[in-house]
Amino acid sequence: MTTDTLKQSAAAERKKIRKERFAQLRKNKAFIVGAVILTFWVLCALVGKFLVRINPDELGFLNGVETDLAPNATNWFGTDSNGRDVFSRVIVGSRPIIVMATLATVLGTVLGASIGLVSGYLKGWFDVIVMRILDAISAMPVLVLALLALSAVGGSSSVVTICIIGFVFTPIIARTVRAAVLNEAELDYVAAAKLRTERMPHILFKEILPNVLPPIIVEFTVRLGYAVFAIATLSFLGVGVELGSPNWGSQVADHYNLIFSGLWWSTIFPAGAIATLAIGINLIADGVTEAFEL
Amino acid sequence: MSTQPALELRDLRVAYRVRGIDREVLRGISLSIQPGEAYGLVGESGCGKSTAAFAAMRYLPRNGSITGGSIHFEGQDITSIGDDEIRELRTNAISMVYQNPIAALNPTIRVGKQVAEVFELLGKPSDEAHDLSLAALKRVQIADAEAVLERYPHQLSGGMAQRVIIAMALASNPRLLVLDEPTTGLDATVEAEVLDLVRELRAETGTAVLFISHNLGVIRTMCDRVGVLYAGALVEEGPTDEVLHKPNHPYTVGLLRCIPRGGLHKQTDRLDTIPGTPPPLGATLPGCVFVDRCAIAKDTCRTTPPNFVELANGHRARCAFHEQAASMPRAVDGTRSSGIGNSASSSSELLNISKLSKTFAQDSGDVRVLTEVSLSLRKGETLGLVGESGSGKTTLAKNLLGITQPDAGSVITLDGKTLGATLRDRSASEVGAVQIVFQNPDSALNRRHTVMRIVARAIEKLAGKSRDEAEDTAQVLLNDMSVDPILHSVKPTQLSGGLKQRVAIARSFAGRPQLVVCDEPTSALDVSVQANILNLLVDLQSKENVSYVFISHDLGVVRYISDRIAVLYLGRIMELGSAETVFNGPHHPYTEALVSSVPAIDGSQRVRVRLGGEVPSPANPPQGCVLNPRCPRMAGSGVEHLCTSVEPDLVEAEPGHFLRCHIPLAQLRQIQDK
């Protein structure tokens, strides 16, 4: 084979594989649906303020807007018991949950991946001790832990919520990464790195990490879905997010008892928002898992 | 019995769906196997051998489908029969033996239960199943069958597990037995025994056999007829002797020329290769499938697929120019003029290993894997290391490299300087001076790094160069390995096996090594690629005057590339001498058994010298000579009492030829000449 044909075939092969993988993702309807949903909510989180005509925090009853108004042409999702526009609050309320869920998951992934890398690479006593500590952490229920921590700092704090969720996710991600690292560390390229006097940080982060990225990405998307639920639950319980700004969990919490009076809209729409976001993320997680052939 | 062929494939086409697209792996294969006949399928990896084997059982992976043609078993079309019927056939009439016997057994269930299950499936009452299982294991000559029934698969050696699988496969007295590389993972001595067993059982039962192997020697000794597969198409077929003696397809000719065979040596000969690589899975091939790599291809070959040309005795070749195949030009010049290796015998000493031992501490007690190994190696010399698995070859290599730490008292010197026991104790230049080429290039190269980065990083660290300088040097180095510049920016997953191994070799040469350990560097590669890599290693040696420690289980390869050979058994050197002496004898009895177990491609019959029993555990080596419980020559030697009580020393029995054996050399010569 000549240089030119080699050149072409190598480049073409790469392009082809990428194209085929992408085509496969595009054919995966579930993934497309998930991507559309997530894109929608991310857009809302980014520019939601400019998308709505009514200020979500405007207390309608002060301006003569009726409270508990059923969905109509002006208030598409109706108004809540304070006369605030439910539609605006759902759209704008996407920001805190998406930002917090992402930060919490990133925190858990970074911590977990680092611990998993070191633990899986060193093995031995270090590994045993670290894994037992992680087992102990994962034995604690998320909500109890979060409620304890939040009441210790005296109420709602999104920073504490993010840290707690990240902390609880750490063992789960660490375990996944460790399992992948145990396999990778046995491969000869790690021995080859040692045979050119590389130090441990290089071997962990430059050699092994890139090879365990697929499971990390999959685990990240799965955790993101759980984080959405955890944050919604905490804000439903009245902790987790500072009061004031619109957020889905507290919207549900404030109005769910009105469902029985037939005033369903101020509860169902934010609840539906939580559900669609979680489902969207999970559909993406499934698609990503399949694309990586894990 | 029917007179129909046991198995017949008619224009069979199979495709695998990968990333959403169907890719053809079998391109219309037609073959038939008569009752009682053994049919071999050979070819390089990815040519569709295993797919053909699984298709014969109508067992394809989830993404595989039959897209054309038909499969007939004893005249019955089984291409599209229902699941119940195919299950019935697999239970009663067709059996399969797999490549990895340990993986083919369920690790959580005792062997006895797994074998009994087969008989229960056949409708035997469960109280008879135990006795039948016992009989089945005895039939495949498993020693201590009763005890084996009680064991779990991980407690069996590879050879024993394969016997168990064969026993299970034969339980139903099948009319067709499919063997998919049944001995590929086994040591040569065990392979020879398993092949003997299959041959005997076949003579006894008259079962038709479809035998898949990449090893032409194995096919030669096992099969009546052979089919050569390339890129999913049968290119040549006929009686085994005919095809291997008078190949009529350029691919078969090429394959046979690639193999290092008796007599060829790096000092005088270069191996021929087949240029290029096989077409990718599912490629569209309008003409002859082999045209891109064929030395005698004409323009018509690109456009018109050739038909089978019938030759004598049912020998047929699918080549329009088959008369020219045997005399086709070589891809590589056959002789080597530079005096490679000649200087090695007179050059100065590079490596000296003195009393190297390695003990692994385990809960159940210490296991001594290497026992006082002493060796030396000259500059530019190649030392072949052979021995069965567990003989300590790889441990020896790891100790040389400093990956594992030898026991206290072991001394390794390189160029007169004592090397540190571990990598930490060695300077960067010392680390660079002793490098390795790993067995499996897939695992040896980081699949997320580019070729350039892999090589340049090694130069950076080992030669202490800046990144830019390292990249310049890497360019040159990769060019020397014939890795095209355009491939420098791709990742290893986009390279073929041979190219990957070239990159790995380039990396091992990054720190200007004096000694390179080659740990089975070609065993994961196809023969045509193997020839390429061996030629490259020899070229590098003559250019750089580097020394090699070459580990391989393939004795043909070791013989070709080695100046001297050390034979290891249970962590001890049993024999050490020049390649010629070790192969021509008189041998150590262990070497003799190893050499005689290799199936010859040319069909020449050797007297098989068998080792009895299994390799003993290094945790508990036998009293006296460690070989004595298995030694083929101890009985009748007159020194039995010594063999069982005193461990012999490694002594220089004749100039340059060391043996660890109580039997005098003259007596060994006499026995072996018979």
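# Exercises on a predicted two-chain model

Leu210(B) touches Leu7(B), Ile33(B), Tyr39(B), Leu41(B), Ala53(B), Ala56(B), Leu176(B) and Val178(B), leaving out residues up to four places away in sequence. The model is predicted. The exercises start from this residue.

## Exercise 1. The nonpolar cores

Place Leu210(B) in the largest nonpolar core, and find another core that lies apart from it.

Step 1. The largest nonpolar core has 269 residues.

Step 2. Leu210(B) is among the residues with the most contacts inside this core, together with Val228(A), Val164(B) and Val455(B).

Step 3. Another core, of five residues, lies apart. Among its members are Val253(B), Cys319(B), Phe321(B) and Ala325(B).

Step 4. Set this against a general tendency: in soluble globular proteins, nonpolar side chains tend to be buried together.

## Exercise 2. An open sheet in chain B

Give the strand order of the four-stranded open sheet of chain B, and explain why β2(B) and β5(B) each have a free side.

Step 1. The order is β2-β1-β4-β5, with antiparallel pairing.

Step 2. β2 (21-33) and β5 (76-77) of chain B stand at the edges. Each has a single partner strand, so one side of each is left without a neighbour in the sheet.

Step 3. Check the pairing of β2(B) with β1 (residues 7-18) of chain B: they run antiparallel over 10 bridges. Arg17(B) stands opposite Asp22(B) in β2(B).

Step 4. Add the helix. α1 (residues 49-56) of chain B packs on the sheet and touches β1, β2 and β4 (64-73) of chain B. The direction of α1(B) makes about 70° with that of β2(B).

## Exercise 3. A covered strand

Which residues of β9(B) point one way, and which the other?

Step 1. Start with a general pattern: in a regular strand the side chains alternate between the two faces of the sheet.

Step 2. Sort the residues. Arg225(B), Gly227(B) and Leu229(B) point one way from β9(B). Val226(B), Val228(B) and Tyr230(B) point the other way.

Step 3. Check burial. Six of the six residues of β9 (residues 225-230) of chain B are buried.

Step 4. List the partners. β3 (residues 38-42) of chain B pairs with β9(B) in the parallel sense over four bridges. Val42(B) has Val228(B) in β9(B) as its bridge partner. β10 (residues 233-239) of chain B pairs with β9(B) in the antiparallel sense over six bridges. Here Tyr230(B) is bridged to Ala233(B).

Step 5. Look at the turn. The hairpin of β9(B) and β10(B) has two residues between the strands, and Ala231(B) takes a positive phi near 50°.

Step 6. Turn to another hairpin. β13 (residues 349-362) and β14 (residues 365-378) of chain B pair antiparallel over 10 bridges. They form a hairpin with two residues between them. Leu356(B) has Val373(B) in β14(B) as its bridge partner.

## Exercise 4. Helices of chain A

Describe the make-up of chain A, then the packing of α6(A) on α7(A).

Step 1. Count the elements. Chain A has 12 helices and zero strands.

Step 2. Take its span and burial. The C-alpha trace covers about 80 × 55 × 30 Å along its principal axes. Of the 294 residues of chain A, 41% count as buried.

Step 3. Find the geometry. α6 (residues 142-152) and α7 (residues 158-185) of chain A pack at an angle of about 145°, with axes 10 Å apart. Their crossing is right-handed.

Step 4. Name the residues. Val142(A), Leu145(A), Ala146(A), Ala149(A) and Leu150(A) of α6(A) meet Val160(A), Thr161(A), Ile164(A) and Val168(A) of α7(A). By class, this contact has eight nonpolar, one polar and no charged residues.

## Exercise 5. Across the chains

Is Leu401(B) buried or exposed? Find its contacts, then describe the contact between the chains.

Step 1. Locate Leu401(B): helix α13 (residues 393-401) of chain B.

Step 2. Apply the cut-off of 20 C-beta atoms within 10 Å. Leu401(B) has 23 others within that distance, so it is buried.

Step 3. Beyond its neighbours within four places in sequence, Leu401(B) is in contact with Leu195(A), Val434(B), Ile436(B) and Val517(B).

Step 4. Widen the view. The contact takes 28 residues from chain B and 25 residues from chain A. On the side of chain B that touches chain A, α16(B) gives the most, with three residues. That side divides into 15 nonpolar, seven polar and six charged residues.

Technical notes. Residues are numbered from 1 along each chain as its sequence is written. Chains are lettered from A and ligands numbered from 1 in the order in which they are written. Two residues are in contact if their C-beta atoms, placed from the backbone, lie within 7 Å. Ala, Val, Leu, Ile, Met, Phe, Trp, Tyr, Cys and Pro count as nonpolar, Asp, Glu, Lys and Arg as charged, and the others, Gly among them, as polar. A residue is buried if 20 or more other C-beta atoms lie within 10 Å of its own, exposed if 12 or fewer, and partly exposed in between; C-beta atoms are placed from the backbone. Axes are lines fitted to C-alpha atoms, for helices over the stretch in contact, and angles run from 0 to 180 degrees between N-to-C directions. A crossing is left-handed if the near helix is turned anticlockwise from the far one by less than a right angle, and right-handed if clockwise. Two strands pair if DSSP finds at least two bridges between them. A nonpolar core is a set of buried Ala, Val, Leu, Ile, Met, Phe, Trp, Tyr and Cys residues joined through C-beta atoms within 7 Å.
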